[in-house]
Amino acid sequence: MSLQTAPMLFERRPLPLLTAQQVAVLKPKLADVIEYRKSGLSLNHVIGCPLECGYCIRHLYDNFDMKVPRALMTDEDAVAALVGHRYFRPHITPIQLFNKATDPMLPVVKPHTFNTLRLLDERGLTNHVLVITRWRVDPEDCQILNSLRNIKVTVLVTYSGITHPGIEPVDSNIAAISLKTLHANAESYRTILYWRPIVPGLNDSDEHLATAKRLSEHAHATVFTGLFFRDEIAAYYQENGLPEPYSDTARRKIMPERLEQRILDLFRRPVDSEEPWGPLFRKTSCAVAYAHGLADYNGHYGIRELCDICPKRQLGLCKTAWNAPAQPDANQLARELGAIGPVTITDRAIITDGLDEQPRYFMQHGYGFQVHDRAHPHRQRRHGRAEIGWREGKEGVPSP
Ligand code: SF4
């Protein structure tokens with residue numbers, strides 16, 4: 001199927017645009033359709049979602065009550081804004097589509113998802129593009145994805161196995177079926193089991209873990225990760241009488257140590273295997289990179305303990321690609337982006353002062369080398385996760 005015929009497979013019914021007054025009351029972070037996040041430059045010109053996951057990040061944007069998706073601009077204008085963005089680099093910058101305030105495979109959003117992918121592809125761009133969904137994906141959708149020739153598409157299917165109706169009203173089987181469909185039909189794109197959030201007492205029984213492992217056989221790679229339990233999400237849990245998994249909130253995702261070890265034990269293969277834990281990853285970009293046969297674009301190789309479960313061939317790829325930038329080069333770029341004070345380059349990361357997340361990710365993806373904020377040091381073996389649930393962690397340790 002050609003790119004010309006692919007759009008015929010779905011009916012284009014553009015969503016109504018939000019009015020200027022409606023945009024004016026949005027939080028600035030939501031009104032701004034482009035935001036640099038760790039997995040890529042994120043384009044979100046459609047917002048609103050009816051799926052009501054209790055832990056949804058939209059709580060942080062005061063947008064959880066917006067159930068009907070609406071567009072902030074046309075796909076054409078959004079793509080023009082993205083490729084013209086000060087942080088966009090053709091063929092380098094990873095892109096994420098509709099990962100903040102809607103689900104890209106909802107029936108009314110899907111035409112925008114495919115049209116935006118097509119517009120990027122027609123520009124001849126070879127950037128990674130990540131699409132994250134928990135909704136239905138049909139074989140016809142896979143055909144459209146297979147028709148894209150240039151961009152490197154990865155569809156990450158969010159699956160948790162949570163059955164608590166207040167926390168996750170959407171049946172996890174929908175995601176499981178979508179993953180199988182995507183995997184069975186994949187030609188030019190890749191698909192990942194995005195196993196999250198894994199929460200003690202909610203979806204971490206032996207049976208839950210075994211089910212997820214079986215599902216991982218229908219994916220090119222699997223990422224496992226915990227819960228973002230921020231103040232706004234904790235408040236929603238309290239208001240709605242939902243069981244709070246942790247006694248405290250945290251800035252980073254929470255993945256208790258014992259729970260991680262149980263997952264690693266379950267996935268363990270013979271020691272001499274080329275893939276001792278199979279294609280299992282702690283970090284999203286590692287799984288995406290592996291699925292496309294490339295080195296990790298976030299430079300996690302510098303955080304060497306992250307790599308202890310990685311397939312051997314992948315270790316070689318990442319090792320070859322991982323090179324610290326020259327100090328003067330890093331100094332200059334950091335200063336241009338607004339850093340203050342000296343830039344330190346260690347054997348793990350570039351450490352900056354006064355640079356917020358977005359310019360740090362711009363540096364990180366450009367160098368393929370981690371860039372950290374001196375004010376938020378990464379702890380050994382925490383893999384950039386919260387302290388909660390780790391032995392030396394001081395905050396409310398759960399008992400997984
Ligand atoms: S070798 Fe390390 S950096 Fe590379 S994909 Fe594996 S875990 Fe990630």
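This is a short talk on the confidence, two helices, one buried residue and the empty spaces of one structure.

Good morning. Please keep in mind that this is a predicted model. How high is the mean pLDDT of the chain? It is 91, and 92% of the residues reach 70 or more. There are weak stretches, though. Residues 1-10 stay under 50 in pLDDT. For that stretch the model has 22 contacts beyond four places in sequence. Residues 393-400 are also below 50. That second stretch has 19 contacts beyond near neighbours in sequence.

Now to the helices. Take α5, residues 139-146. Which of its residues are buried? Asp141, Cys142, Ile144, Leu145 and Asn146 are. What covers them? The cover includes α4, strand β7 at 152-159, and α6. Remember α6, as I will come back to it.

Next is α12, residues 327-337. Here Ala330, Leu333 and Ala334 are buried. Why do they line one face of the helix? Look down the axis of α12: its buried residues fall within an arc of 100°, so they share one face. The face turned away from that buried side carries exposed residues, namely Pro328, Arg335 and Glu336. And what do the buried residues pack against? Their partners are β11 at 340-345, β12 at 350-353 and α13 at 357-367. After α12 comes Gly338. The phi of Gly338 is positive, near 115°.

Let me turn to a single residue, Phe98. Where is it found? Phe98 sits in the loop between β5, residues 95-97, and α4, residues 110-122. Buried or exposed? Phe98 has 0% relative accessibility, so it counts as buried. Leave aside residues up to four places away in sequence, and Phe98 still touches Leu43, Asn44, His45, Val46, Pro104, Val109, His112, Thr113 and Thr116. Pick out Leu43 from that list. Phe98 and Leu43 are 55 residues apart along the chain. Their C-alpha atoms are separated by 6.1 Å.

Last topic: empty space. Rolling a probe the size of a water molecule over the atoms shows where such space is left. How many cavities of 30 Å³ or more are there? The count comes to 3. The largest cavity has a volume of about 130 Å³. It is lined by 15 residues. Nearest the centre of this cavity lie Phe281, Cys286, Leu306, Cys307 and Cys310. Strand β10, residues 280-281, and helix α11, residues 312-321, each supply at least two lining residues. Of the contributors, α11 gives the most, with 3 residues. By type, the lining of the largest cavity has 10 nonpolar, 2 polar and 3 charged residues.

Now a pocket, the second largest. Its volume is about 260 Å³. The lining of this pocket has 16 residues, and closest to the centre are Tyr159, Gly161, Ser172, Asn173 and Thr211. Here α6 returns. Both α6, residues 172-185, and α7, residues 206-216, supply at least two residues each to the lining. Which helix gives the largest share? That is α7, with 5 residues. The split for this pocket is 4 nonpolar, 8 polar and 4 charged.

So α6 turns up twice: as part of the cover over the buried residues of α5, and in the lining of the second largest pocket. Likewise α4 is part of that cover, and α4 also bounds the loop that holds Phe98. That is the tour. Thank you.

Definitions and conventions:
Residues numbered from 1 in each chain as written. Predicted model: local features only at pLDDT ≥ 70, side-chain atom pairs only at ≥ 80, totals over all residues. Heavy atoms only, no water. 1 Å grid on protein atoms, 1.4 Å probe; cavity = no way out; pocket = protein on both sides within 12 Å on 5 of 7 lines; lining within 4 Å. Points joined across faces, edges and corners; volume = space filled by probe spheres on them. Helix = DSSP H or I, 4+ residues; strand = E, 2+ residues; numbered from the N terminus. Nonpolar A, V, L, I, M, F, W, Y, C, P; charged D, E, K, R; others polar. Buried < 20%, exposed > 50% of the residue type's maximum accessible area, 1.4 Å probe, protein only. Arc of directions from axis to C-beta. Contact = heavy atoms within 4.5 Å. pLDDT = per-residue confidence, 0-100.
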